[in-house]
Amino acid sequence: MGAGVRALVRRKQVDSERARAAGANQLRKELSITQLVAIGVGSTIGAGVYVLVGTVAREHSGPALTLSFLIAGIAAALSAFCYAELASRCPSAGSAYHYSYICVGEGVAWLIGWALILEYTIGGSAVARGISPNLALFFGGPDSLPWILARHELPWLDVVVDPCAAFLVFLVTGLLCVGIKESSFVQGVVTVLNCFVMLFVIIAGSYIGFQTGWVGYKVSGGFFPYGINGMLAGSATVFFAYIGFDSVASTAEEVKNPQRDLPVGIATALSICCSLYMLVSVVIVGLVPYFAMDPDTPISSAFAKHGMHWAMYLVTSGAVLALCSTLMGSILPQPRILMAMARDGLLPSFFCDVNKKTQVPVKSTIVTGICAATLAFFMDVSQLAGMVSVGTLLAFTIVAVSILILRYVPPDEVPLPSSLQASFRLSQENDEEKVTNPLGAENHGPGTSEISDVIVVESIKDPLIEKHLYASKLDEARRRKTAAFSIASVCVGVLVFTSSASATFLPFLVQCFFCVIGGLLLLTGLGVLCWIDQDDGRHSFGHSGGFICPFVPLLPVMCILINTYLLINLGGGTWMRVGIWLVMGVFVYIFYGRTHSSLTDVVYVPVAQANEIYEYSSSSVFVA
């Protein structure tokens, strides 16, 4: 039992330049800021914006839809700040799985990686299934696609197959196998074309709005027909339109200058998405009263009501382009997560093979494409779309927790591989010799050696020095222990508070009681974290010189609170399906990952001592 618990909490080291130079299966560094922005925007702006505008305005926000997008964008920015710091400090493939393995532990990292596998597979399949209905509009209607691409029902299986979706998944998979530079270029072109469509909507819609007097803002219900609560409910819905920027972090290992480019790429992509969302919503809500919007095709119908029926084809083109770009953004990260997990021994080494010519994980990409294409061909995965949100929100939450751990209780010990444990024992023997013979008697005369030994030994045993060192270590141990309990208090408080606030079936007084308990735990933990000092080790953790997340601990705590609230409210059916997948993952970890982990036979040593061992080992090799 003890060994099993230790396996769950063991943590790996940040990939150093030394490890990168010695290791195989490295990805090619090809990406710059421009390509990162293309990946981020392309993965985030899907066809959802062409539908969400109508649905959220009708049911939740009304004319205040723009504010809903702004608030959701700010909430997404909280996670983006956390991702930016960890991506620049730990620039390796794996994204949230990699960060949680370094900061939290192997057990949590495995669950995050396993959940992200589900997210990207279902997400890619759902996006692919959404392309064929939009393409059909160019051929005359919903059932007008050529026979080879049209959907067909298999009556003996009661299944509707979608050859077009499967073909597009295989096409994107082949493109990703060619190389990251080529695939990011194509995604950039598709994203730019989609942005031009959205700019057309903004410019042409603004012209119509000024001509007609912005009738949508003159409704009797005012700017907040559903109140502030309705606007906030709309923010929770449109928040999922910002999911996708984390794809940028998954490509960290392929970025030329990750300390500079990753934070800028994430921030720029999110800013562009938020600006486009807000401008489109300002225009469309002003053209048509919110209660008269078409919930399925709000943008096309808004132009049609003003005599621009031809705009439907342009808007549909934008939706198809957005879906194609999002499909690439959904399939791109998963092979890199599989590769990262295989590197750590948690999955078979098959998944970490990197093609020598293209320097991308071709085998993992092909497996991902086959799985996504099979789902897209046979299954209507729209009912499983909520499962995509679980993986993303879990990742966002763990990344924020990792920021708190990095700042207050960063790992002070690192794993030493079995190949260097002989050097570790030699280093311990040398330390013992230095204690017994501090200055090395062989290098001095008999008189000076005895006097020097006495001076050094007495200085080491000086009670004042010993007391000062002991008190300093004790204070640091107390600070780390207090910080750890405070982080745990914040997490438990957030869980209790959000669960009780969402449990409307409880009696009012019981609900209030648990809300107060959760709020007290949350505020107490947050207050202590604000009061105590952050760990000095944070300055040397990982790769220095990159982005630093501001307003710690307040910003990551707010991020944890928002994402946990959204997780709690995803619904019982979604959690039941995700729970089955996670239980399957637990069995895979118990019977394979736990015993094959690269950390199975390691010894943990202090960071300073590990550096000495690496130097000792390299010097020994050089001498030999």
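**Exercise 1. List the residues that Thr-498 touches, not counting residues up to four places away in sequence.**

Step 1. Apply the cut-off: contact means heavy atoms within 4.5 Å.
Step 2. Leave out residues up to four places away in sequence; Thr-498 then touches Leu-561, Thr-564, Tyr-565 and Ile-568.

The model is predicted: local features need pLDDT of at least 70, side-chain atom pairs count only at pLDDT 80 or more, and totals for chains, interfaces and linings use all residues. Residues are numbered from 1 along each chain as its sequence is written, and side-chain values use heavy atoms, with hydrogens and water left out.

**Exercise 2. Place Thr-498 in its helix and decide whether Thr-498 is buried or exposed.**

Step 1. Helices (H or I, at least four residues) and strands (E, at least two) are DSSP runs, numbered from the N terminus.
Step 2. Thr-498 sits in helix H21, residues 463–502.
Step 3. Buried means under 20% relative accessible area, exposed over 50%, and partly exposed in between (1.4 Å probe, protein chains only).
Step 4. Thr-498 has 1% relative accessibility, so Thr-498 is buried.
Step 5. Look at the side chain of Thr-498: it reaches the backbone oxygen of Val-494 at 2.7 Å.

**Exercise 3. Do the same for Ser-125, then find its distance to Ala-165.**

Step 1. Ser-125 belongs to helix H7, residues 106–129.
Step 2. Its relative accessible area is 0%, so Ser-125 is buried.
Step 3. Ser-125 and Ala-165 are 40 residues apart in sequence. From C-alpha to C-alpha, they are 7.7 Å apart in space.

**Exercise 4. Decide whether Phe-196 is buried or exposed.**

Step 1. Locate Phe-196 in helix H10, residues 180–212.
Step 2. The relative accessible area of Phe-196 is 53%, so Phe-196 is exposed.

**Exercise 5. Which members of the largest nonpolar core touch the most other members?**

Step 1. A nonpolar core is a set of buried Ala, Val, Leu, Ile, Met, Phe, Trp, Tyr and Cys residues joined through side-chain atoms within 4.5 Å.
Step 2. The largest core has 161 residues; Tyr-50, Tyr-83, Ile-284 and Leu-327 touch the most other members.
Step 3. Helix H18 (residues 385–408) gives the largest share of this core, 15 residues.
Step 4. Follow Tyr-50. Its contacts include Val-197, Met-198, Ile-299 and Val-315.

**Exercise 6. Sum up the protein chain: how many helices and strands, and what share is buried?**

Step 1. The chain has 25 helices and four strands.
Step 2. Of its 624 residues, 51% are buried.
Step 3. Take the contacts with a separation of 6 or more: residues 24 or more positions apart account for 85% of them.

Note on methods. A polar contact is a pair of N or O atoms within 3.5 Å; within protein, one must be able to donate a hydrogen and the other to accept it, and residues adjacent in sequence count only if both atoms are side-chain atoms.
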